[in-house]
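Trainee: I would like a close look at one part of this model, with the side-chain pairings around it. Please take it slowly and keep it plain.

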Amino acid sequence: MLIDENLINQFIGYYKNDGYDDKTLKRFRYDFTRYYHWLKNFKRADTDAIDKLCIEEYKQHLNALPCTKHSRYYWKKGWLSKNTIFQRVIVIKNFLKFYNDIYWWWMNEKDIRLPKSKSDRMDFWTADEIEKIIQYIDKNEKFEINKLRLKLITS
């Protein structure tokens, strides 16, 4: 079946009926449209063109893409993050789930290997926050052993 705007709208509508958030649906449309354009340029925009090899080639393409200037990774490494690549492959997987459910297609979305994703974000307490926690422990904990244990955990 030819992939076109009508099929993409059906895909988005399928997940809208399941109660997905509008931001998520917008992201689905954006990511799948990017995949659709890649598929149209390098293969053919047809559901028969989607197979494991095609998806692996798309992941290689994503790994070689530079990130945009407004990305938080632009100054760090300059390439798409692992989470972005993971998210874009998940959208393809969701499309295949929709397509299998509606059109009884031959390829199972469970066969798609997902790339690893990694969170680079770490939040640390500031010195003021730690000091407030220690003061709270000193004020409210009545047993010295518990005070010591809690202070060690927070430090």
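Trainee: Is Arg-27 buried, partly exposed or exposed, going by its relative accessibility? Please start there and follow the contacts outward.

Mentor: A caution before the details: this is a predicted model. Arg-27 counts as partly exposed, because its relative accessibility is 32%, and the limits for that class are 20% and 50%. Its salt-bridge partner Asp-31 has a relative accessibility of 1% and therefore counts as buried. The closest N and O atoms of Asp-31 and Arg-27 are 3.2 Å apart. Both residues belong to helix 2, which covers residues 22-42, and they sit four residues apart, about one turn of the helix. The pair is also part of a network of salt bridges that links Arg-27, Asp-31 and Arg-88.

The structure holds six salt bridges, and two others can be set beside this one. In helix 3 (residues 52-63), Glu-56 and Lys-59 are three residues apart, about one turn of the helix. Their side chains meet in a salt bridge of 2.9 Å, N to O. Glu-56 is partly exposed at 24%, whereas Lys-59 is buried at 7%. In helix 6 (residues 144-154), Glu-144 and Lys-147 are likewise three residues apart, about one turn of the helix. The closest N and O atoms of that salt bridge are 3.5 Å apart. Here Glu-144 counts as exposed, with 57% relative accessibility, and Lys-147 counts as buried, with 14%.

Back in helix 2, the next topic is aromatic rings. A pair of aromatic rings is described by the distance of the centres and the angle of the planes. The structure holds 19 aromatic pairs. One of them joins Tyr-35 and Trp-38: the ring centres are 6.0 Å apart and the planes lie at 20°, so the pair is stacked. The cut-off behind that label is under 30 degrees. Tyr-35 and Trp-38 both lie in helix 2, three residues apart, about one turn of the helix. Both Tyr-35 and Trp-38 are buried. Trp-38 also forms an aromatic pair with Tyr-58, this one tilted, with 5.1 Å centre to centre and 55° between the planes. Because Trp-38 lies in helix 2 and Tyr-58 in helix 3, that pair ties together parts that are 20 residues apart in sequence. The relative accessibility of Trp-38 is 8%, so Trp-38 counts as buried; Tyr-58 counts as buried at 1%.

Two residues of helix 4 complete the tour. Asn-94 lies in helix 4, residues 82-103, and counts as buried at 15% relative accessibility. Neighbours within four places in sequence aside, Asn-94 is in contact with Phe-11, Tyr-15 and Phe-28. Tyr-103, also found in helix 4, is partly exposed, with a relative accessible area of 30%. Not counting residues up to four places away in sequence, Tyr-103 touches Met-1, Leu-7, Gln-10 and Phe-98. With Gln-10 there is a side-chain polar contact of 2.6 Å. Met-1 is 102 residues from Tyr-103 along the chain, yet the C-alpha atoms of Tyr-103 and Met-1 are separated by 9.6 Å.

Methods:
Residues numbered from 1 in each chain as written. Predicted model: local features only at pLDDT ≥ 70, side-chain atom pairs only at ≥ 80, totals over all residues. Heavy atoms only, no water. Buried < 20%, exposed > 50% of the residue type's maximum accessible area, 1.4 Å probe, protein only. Contact = heavy atoms within 4.5 Å. Polar contact = N/O pair within 3.5 Å; in protein donor to acceptor, adjacent residues only side chain to side chain. Salt bridge = Lys/Arg side-chain N within 4 Å of Asp/Glu carboxyl O. Phe/Tyr/Trp six-rings, centres within 6.5 Å; stacked < 30°, edge-to-face > 60°.
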